[in-house]
Amino acid sequence: MIEIKPTSLSETDTAYFLTRELMEYHNALDIFTMTNVRFRELVDSGTLMSFIAYADNIPVGVMNAFYKYTTFSGRKIFYIEDLYIRENTRGYGIGGKFIEKAKETAFSNDCVQIELKCATWNKKSAGFYESHGMKLDTDWNVFTLNI
């Protein structure tokens, strides 16, 4: 049985370690500076919404998100920062359940859209997102400035 649950404070270590696994998958541990203490603070404050996927009561995935706002409408965007499912449980519908949870949460919180980034090399994930109705935004380039 697959269940998607909001991360409770007692589960923040689990969500953090699943998030860390995602960073390892992206070969980004050298820039991953989040600590489990900070992760817990963000969840506790409501700044970060975290959800854990359980398969037969075993944690197998995590989705971390937050709200941002658009001045086009003045409404919220549900921004998925991380969506990760352990490799041995991919293909069982867990990602689709995460997307459904994102839709449900976004709708109930008056969001105008759901947004996420996908690494350009991650064609499999891009195909998954497109198969769930997400569209690649080709109108905007993303610029960053590290400080």
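## A walk through the model, starting at T19

Select T19 to begin: with a relative accessibility of 4%, this residue counts as buried, because buried here means under 20%. Keep in mind as you click around that the model is predicted. T19 sits in helix α1. Now show what surrounds the residue. Skipping neighbours within four places in sequence, T19 is in contact with F32, F39, V62, N64 and D82.

**Next stop: α1 against α2**

One of those partners, F39, leads you to the next selection. Colour helix α1, residues 12–25, and helix α2, residues 36–45. What is the angle between α1 and α2 where they pack? It is about 115 degrees, and the axes of the two helices lie 9 Å apart. The crossing of α1 past α2 is right-handed. To see who makes the contact, put sticks on T12, D13, A15, Y16 and T19 from α1, then on N36, F39, R40 and V43 from α2. So T19, your starting point, belongs to this contact as well, along with F39; sorted by class, the residues in the contact of α1 with α2 are 4 nonpolar, 3 polar and 2 charged.

**Two residues with positive phi**

Stay in this part of the chain and select N27, which lies in the loop between α1 and α2. Buried or exposed, what is N27? N27 counts as exposed, at 68% relative accessibility, since the cut-off for exposed is over 50%. Check its backbone too: N27 is not a glycine, yet its phi is positive, about 55 degrees.

Then jump to D56, in the loop between β2 (49–55) and β3 (58–69). Here is another non-glycine residue with a positive phi, this one of about 50 degrees. D56 is exposed, and its relative accessible area is 56%.

**Over to α4**

Select Y129 now, in helix α4. Its relative accessible area is 11%, so Y129 is buried. Which residues touch Y129, leaving aside neighbours within four places in sequence? You should find L83, L116, C118 and M134 in contact with Y129. Try a distance on one of them: L116 is 13 residues from Y129 in sequence, and their C-alpha atoms are 9.4 Å apart.

Past α4 (123–131), in the segment that follows, pick V142. In contrast to Y129, which is buried, V142 is exposed, with 61% relative accessible area. Draw a line from the C-alpha of V142 to that of K117: the two residues are 25 apart along the chain, and the separation is 9.6 Å.

**Zoom out**

Finally, switch to cartoon view for the entire protein. You can tick off 4 helices and 5 strands, and from the N terminus on they come in the order β-α-α-β-β-β-α-β-α. The C-alpha trace spans about 40 × 35 × 35 Å along its principal axes. For 147 residues, a compact globule would have a radius of gyration near 15 Å, and the protein agrees with that at 15 Å.

How much of the chain is tucked away like T19? Of the 147 residues, 37% count as buried. Turn on a surface and you are looking at about 9700 Å² exposed, with carbon and sulfur atoms supplying 53%. As for contacts between residues at least 6 apart in sequence, 60% of them join residues at least 24 apart.

How values were computed
Residues are numbered from 1 along each chain as its sequence is written. This is a predicted model: local features need pLDDT of at least 70, side-chain atom pairs count only at pLDDT 80 or more; totals for chains, interfaces and linings use all residues. Side-chain values use heavy atoms; hydrogens and water are left out. Axes are lines fitted to C-alpha atoms, for helices over the stretch in contact, and angles run from 0 to 180 degrees between N-to-C directions. A crossing is left-handed if the near helix is turned anticlockwise from the far one by less than a right angle, and right-handed if clockwise. Contact means heavy atoms within 4.5 Å. Ala, Val, Leu, Ile, Met, Phe, Trp, Tyr, Cys and Pro count as nonpolar, Asp, Glu, Lys and Arg as charged, and the others, Gly among them, as polar. The radius of gyration is taken over C-alpha atoms; the globule rule is 2.2 Å times the number of residues to the power 0.38. Buried means under 20% relative accessible area, exposed over 50%, partly exposed in between (1.4 Å probe, protein chains only). Accessible areas come from the Shrake-Rupley method with a 1.4 Å probe; for residues, only the protein chains shown count as cover.
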